[in-house]
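Reader: I would like to go through this model with you, beginning with its interior. Could you take me through it step by step?

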Amino acid sequence: QVQIVQSGGGLAQPGGSLNLSCTASGLNWNVYAIGWFRQAPGKEREAISCNGNGETFYADSVTGRFTISRDIATNTMYLQMSILKPEDTAAYYCNAGLAPGSWGQGTRVTVSS
């Protein structure tokens with residue numbers, strides 16, 4: 001059974017930074033593609049960053065501001081977010097596998113002054 005625990009998020013001011021993480025059991029980070037998704041109120045869930053097989057994807061809306069990474073030793077994936085904007089406000093979800101993969105429980109990110 002794959003279990004993923006997601007942490008991080010919260011409140012940040014515009015221009016600030018937040019980090020998200022997901023720690024999993026029963027996963028091999030060398031095998032699984034990983035990704036971060038978000039869903040803003042009234043909008044569809046969108047992929048904002050994915051990494052697998054030596055390739056990395058970022059959505060245009062977050063390119064240059066967000067960074068995806070993984071730590072094999074601790075079986076943890078990260079999303080580093082900087083230069084946050086109010087439109088980044090959403091529920092954020094990590095995923096391992098992407099076919100459709102296994103999901104974290106979600107974390108709220110609110111960017112507001």
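Author: Certainly; please bear in mind that the model is predicted. The largest nonpolar core has 23 residues, and those that touch the most other members are W36, F66, L79, M81 and Y92.

Reader: Which strands each supply at least two residues of this core?

Author: They are β3 (18–25), β4 (34–39), β7 (66–71), β8 (76–81), β9 (90–97) and β11 (107–111).

Reader: Take F66, then. What is F66 in contact with, leaving aside its neighbours within four places in sequence?

Author: With that exclusion, F66 is in contact with R38, I48, Y58, L79, Q80, M81, S82, L84, D88 and Y92. Among these, L79, M81 and Y92 are also listed with F66 as core members that touch the most others.

Reader: Let us change topic to the fold. How many helices and strands does the chain come to?

Author: The chain has zero helices and 11 strands. Its pattern along the sequence is accordingly β-β-β-β-β-β-β-β-β-β-β.

Reader: And how compact is the chain?

Author: It is as compact as a globular protein of 113 residues, because its radius of gyration of 13 Å is close to the 13 Å given by the globule rule for that length. The C-alpha trace spans about 40 × 25 × 25 Å along its principal axes.

Reader: What percentage of the residues count as buried?

Author: Of the 113 residues, 37% count as buried. As for the surface, the chain exposes about 6000 Å², of which carbon and sulfur atoms supply 48%.

Reader: What share of the contacts with a separation of 6 or more comes from residues 24 or more positions apart?

Author: Such residues account for 54% of those contacts.

Reader: Now to N95. Where is N95 found, and is this residue buried or exposed?

Author: N95 is found in strand β9. The residue counts as buried because its relative accessibility is 0%, under the 20% limit.

Reader: Which backbone nitrogen lies 2.9 Å from a polar atom of the N95 side chain?

Author: That is the backbone nitrogen of L98. Leaving aside neighbours within four places in sequence, N95 is also in contact with A33, I34, G35, F37, M77, P100, G101, S102 and W103.

Reader: You mention M77. Which strand holds M77, and is M77 buried or exposed?

Author: M77 lies in strand β8, and at 1% relative accessibility M77 counts as buried. From M77 to R45 the C-alpha distance is 19 Å, with their positions 32 residues apart in sequence.

Reader: F37 and W103 also appeared in that list. How many aromatic pairs does a search of the whole structure find?

Author: The search finds two aromatic pairs. In one of them, F37 and W103 have ring centres 5.0 Å apart and planes at 65°; this angle is over 60 degrees, so the pair is edge-to-face. The pair links distant parts of the chain, with F37 in strand β4 and W103 in strand β10 (residues 101–103), 66 residues apart.

Reader: Are F37 and W103 buried, partly exposed or exposed?

Author: F37 is buried, with a relative accessible area of 15%. W103 counts as partly exposed at 35% relative accessibility.

Reader: What is the pair that Y93 and W103 form?

Author: Y93 and W103 form an edge-to-face pair, 6.3 Å centre to centre with 90° between the planes. Y93 is in strand β9 and W103 in strand β10, 10 residues apart. Y93 is buried, with a relative accessible area of 18%.

Reader: Which residues do the ring pairs link into a cluster?

Author: The ring pairs link F37, Y93 and W103 into a cluster.

Methods. Residues are numbered from 1 along each chain as its sequence is written. This is a predicted model: local features need pLDDT of at least 70, side-chain atom pairs count only at pLDDT 80 or more; totals for chains, interfaces and linings use all residues. Side-chain values use heavy atoms; hydrogens and water are left out. A nonpolar core is a set of buried Ala, Val, Leu, Ile, Met, Phe, Trp, Tyr and Cys residues joined through side-chain atoms within 4.5 Å. Buried means under 20% relative accessible area, exposed over 50%, partly exposed in between (1.4 Å probe, protein chains only). Helices (H or I, at least four residues) and strands (E, at least two) are DSSP runs, numbered from the N terminus. Contact means heavy atoms within 4.5 Å. A polar contact is a pair of N or O atoms within 3.5 Å; within protein, one must be able to donate a hydrogen and the other to accept it, and residues adjacent in sequence count only if both atoms are side-chain atoms. The radius of gyration is taken over C-alpha atoms; the globule rule is 2.2 Å times the number of residues to the power 0.38. Accessible areas come from the Shrake-Rupley method with a 1.4 Å probe; for residues, only the protein chains shown count as cover. Rings of Phe, Tyr and Trp (its six-membered ring) pair if their centres lie within 6.5 Å; planes under 30 degrees apart count as stacked, over 60 as edge-to-face and the rest as tilted.
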